[in-house]
Amino acid sequence: MENGKSRLQQAQDNVDEVKVIMMDNLNKAEERTGKLGELENRADVLLEQSRGFAKTAGKVKRKKQWENNKLKILIFGIVSGVIVVIILVAILTSTDFNSATTGSDGPEENTTPSADSQGN
C-alpha cells in the first residue's frame, strides 16, 4: 500500500502544482483584463481628443482660407483702383490736351463787326 500512497501523494502533488499554475494564470488573466480596460479607456480619450483636434483643424483651415481670400480681394481692389485711376488720368489728360490744342491752333477770328467794316 505504500506504493499506492506514494502514487496518491504524487498525484496530489501534481494536482497542487497544476492548481498553483492555474491560480497564477488566473491572476495574470485578471491583470491583463485590468490593463485592457485601462488601454480601452486611454483609446477612448485619444479618440475624443482626435475628434476635437479634427474639428479645431477644420475651423483653423476655414479661418485661414477666409483670411487668404480677404487678402486676395484687397489686392484685387487695390490693383483695380490703380487701373481705374490710370485710365481716368489718361482720359482727362487726353481731353485737356485736345481742348487746349484745338483752341490755340489758328488765329482767332473776330465775329463782331468792327468800326472799319461798317463803313465809317
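**Exercise 1. Is Ile-91 buried, partly exposed or exposed, and why?**

Solution.
Step 1. Note the source: this is a predicted model, where local features need pLDDT of at least 70, side-chain atom pairs count only at pLDDT 80 or more, and totals for chains, interfaces and linings use all residues. Residues are numbered from 1 along each chain as its sequence is written, and side-chain values use heavy atoms, with hydrogens and water left out.
Step 2. Recall the classes: buried means under 20% relative accessible area, exposed over 50%, and partly exposed in between (1.4 Å probe, protein chains only).
Step 3. Apply them. Ile-91 counts as partly exposed because its relative accessibility is 48%.

**Exercise 2. Place Ile-91 in the fold and on the surface.**

Solution.
Step 1. Find the element. Helices (H or I, at least four residues) and strands (E, at least two) are DSSP runs, numbered from the N terminus. The protein chain has one helix and zero strands. Ile-91 sits in helix α1, residues 2-103.
Step 2. Find its patch. A patch takes residues with over 30% relative accessible area and no salt bridge; like charges are joined within 9 Å, nonpolar side chains (Val, Leu, Ile, Met, Phe, Trp, Tyr) within 5 Å. Ile-91 belongs to a nonpolar surface patch, whose members include Leu-71, Ile-78 and Val-82.
Step 3. Give the area. Together the patch residues have about 920 Å² of accessible area (Shrake-Rupley method, 1.4 Å probe; for residues, only the protein chains shown count as cover).
Step 4. Turn to the chain. It exposes about 11,400 Å², with 61% supplied by carbon and sulfur atoms. Buried residues make up 1% of its 120 residues.

**Exercise 3. Describe the surroundings of Thr-93.**

Solution.
Step 1. Thr-93 is in helix α1.
Step 2. Its relative accessible area is 47%, so Thr-93 is partly exposed.
Step 3. A polar atom of the Thr-93 side chain lies 2.6 Å from the backbone oxygen of Val-89.

**Exercise 4. How many salt bridges are there, and which residues form them?**

Solution.
Step 1. Start with the idea. Side chains of opposite charge can pair when their charged atoms come close.
Step 2. Set the rule: a side-chain nitrogen of Lys or Arg within 4 Å of a carboxyl oxygen of Asp or Glu. The count is three.
Step 3. Take Asp-24 and Lys-28. Their closest N and O atoms are 3.5 Å apart. The two are four residues apart in helix α1, so about one helical turn separates them. Asp-24 is partly exposed at 37%; Lys-28 is partly exposed at 40%.
Step 4. Take Arg-51 and Glu-48. Their N to O distance is 3.2 Å. Three residues apart in helix α1, they are about one helical turn apart.
Step 5. Take Lys-64 and Glu-67. This bridge spans 3.5 Å, N to O. Glu-67 is partly exposed, at 34% relative accessible area.

How values were computed: A polar contact is a pair of N or O atoms within 3.5 Å; within protein, one must be able to donate a hydrogen and the other to accept it, and residues adjacent in sequence count only if both atoms are side-chain atoms.
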